[in-house]
Structures are given as structure tokens and as C-alpha cells.
Amino acid sequence: MIEIRTVAAGADHAGFEYKQKIVELLRSMGIEVIDFGTSSADSTDYPDYAHAVAGAVSSGKAQVGVLVCGSGIGMSIVANKHAGVRASNVEKDGSHGYPH
């Protein structure tokens, strides 16, 4: 298991509040977070943030990325266009299909 030191984070307006909580939690754990925004709940375009986070992961600036939006589908599609990035849509705990 690798030790995660740097996480890229991004969200559109629908995921702003949840992203803020994730960023706060990761930083409290001593993990560096590169926060690509958004910085408010004002309407935004999700591809801007998906490209920024996926670009950071693809270039090695971050080991992993977290994207939060309304559905997760569009962000996953955009992120997967970047070399070396494999994004998946996770909606809730247990959505992976494995027994608990």
C-alpha cells in the first residue's frame, strides 16, 4: 500500500460543500491537498475542475484526485481523458458491490 502524501481536489457548485469537508479532513490527517476549486456554491462548469485535478494526477503533482459534483458521471468522463488517470463514479458507501 502506498502512502498518499498529496491529493488534488476539485468540485463544481453542486459538490462545493462536500469537497470542503473532504479537504478539511485530509489536511487534518497531514495530507497535502491541492485545491483546484470551486471556491463557492455559485454555478460553475464541471469540466474546468475535472481537467485541473486529472492534469495534476497525470503530471505527478498529486498522487490521487478527488472530484465531487452533482452526478459524478461527467467528471469521470472528463478525468478519464487524461493519460494515466482512471476515474470512477462512486455515489455512496457500498456502491462498489462488495459485501460489507
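**Close-up views of a three-stranded sheet and its helices**

**Figure 1. Both faces of strand S1 are buried: Thr 6, Ala 8 and Gly 10 point one way, and Val 7, Ala 9 and Ala 11 point the other way.** The model is predicted, with local features requiring pLDDT of at least 70 and side-chain atom pairs pLDDT 80 or more, while totals for chains, interfaces and linings use all residues. Residues are numbered from 1 along each chain as its sequence is written, and side-chain values use heavy atoms, without hydrogens and water. Buried is under 20% relative accessible area, exposed is over 50%, and partly exposed lies in between (1.4 Å probe, protein chains only). In S1, 6 of 6 residues are buried. In a regular strand the side chains alternate between the two faces of the sheet.

**Figure 2. Three strands form an open parallel sheet in the order S2-S1-S3.** Strands (E, at least two residues) and helices (H or I, at least four) are DSSP runs numbered from the N terminus; two strands pair if DSSP finds at least two bridges between them. S2 (32-35) and S3 (64-68) are the edge strands, each with a single partner strand, so one side of each has no neighbour in the sheet. On average, neighbouring strands are turned by 25° against each other, direction ignored. Strand S1 (residues 6-11) pairs with S3 over 5 bridges and with S2 over 4 bridges, in the parallel sense in both cases. Ala 8 of S1 stands opposite Gly 65 in S3 and opposite Ile 34 in S2.

**Figure 3. Helices H1 and H2 pack on the sheet.** Contact means heavy atoms within 4.5 Å. Axes are lines fitted to C-alpha atoms, for helices over the stretch in contact, and angles between N-to-C directions run from 0 to 180 degrees. H1 (residues 16-28) touches S1, S2 and S3, and its direction makes about 155° with that of S2. H2 (residues 46-59) touches S1 and S3, and its direction makes about 170° with that of S3.

**Figure 4. Helix H1 has buried residues and, on its other side, exposed ones.** The buried residues are Phe 16, Lys 19, Ile 22, Val 23 and Leu 26. Seen down the helix axis, these residues fall within an arc of 120°, so they line one face of H1; the arc is that of the directions from the helix axis to the C-beta atoms. They pack against S1, S2 and S3. On the other side, Glu 17, Tyr 18, Lys 21, Glu 24 and Ser 28 are exposed. The end C-alpha atoms of H1 are 18 Å apart, in agreement with the 18 Å that its 13 residues should span at 1.5 Å a residue; the expected span is 1.5 Å times one less than the number of residues. Gly 30, which follows H1, has a positive phi near 85°.

**Figure 5. Thr 6 lies in strand S1 and Ala 62 in the loop between H2 and S3.** Thr 6 counts as buried at 12% relative accessibility, and Ala 62 counts as buried at 3%. The side chains of Thr 6 and Glu 32 make a polar contact (3.4 Å). Such a contact is a pair of N or O atoms within 3.5 Å; within protein, one must be able to donate a hydrogen and the other to accept it, and residues adjacent in sequence count only if both atoms are side-chain atoms. Leaving aside neighbours within four places in sequence, the contacts of Thr 6 include Ile 31, Lys 61 and Ala 62. With the same neighbours left out, Ala 62 is in contact with Thr 6, Val 7, Ala 8, Ile 34, Ala 56 and Val 57.
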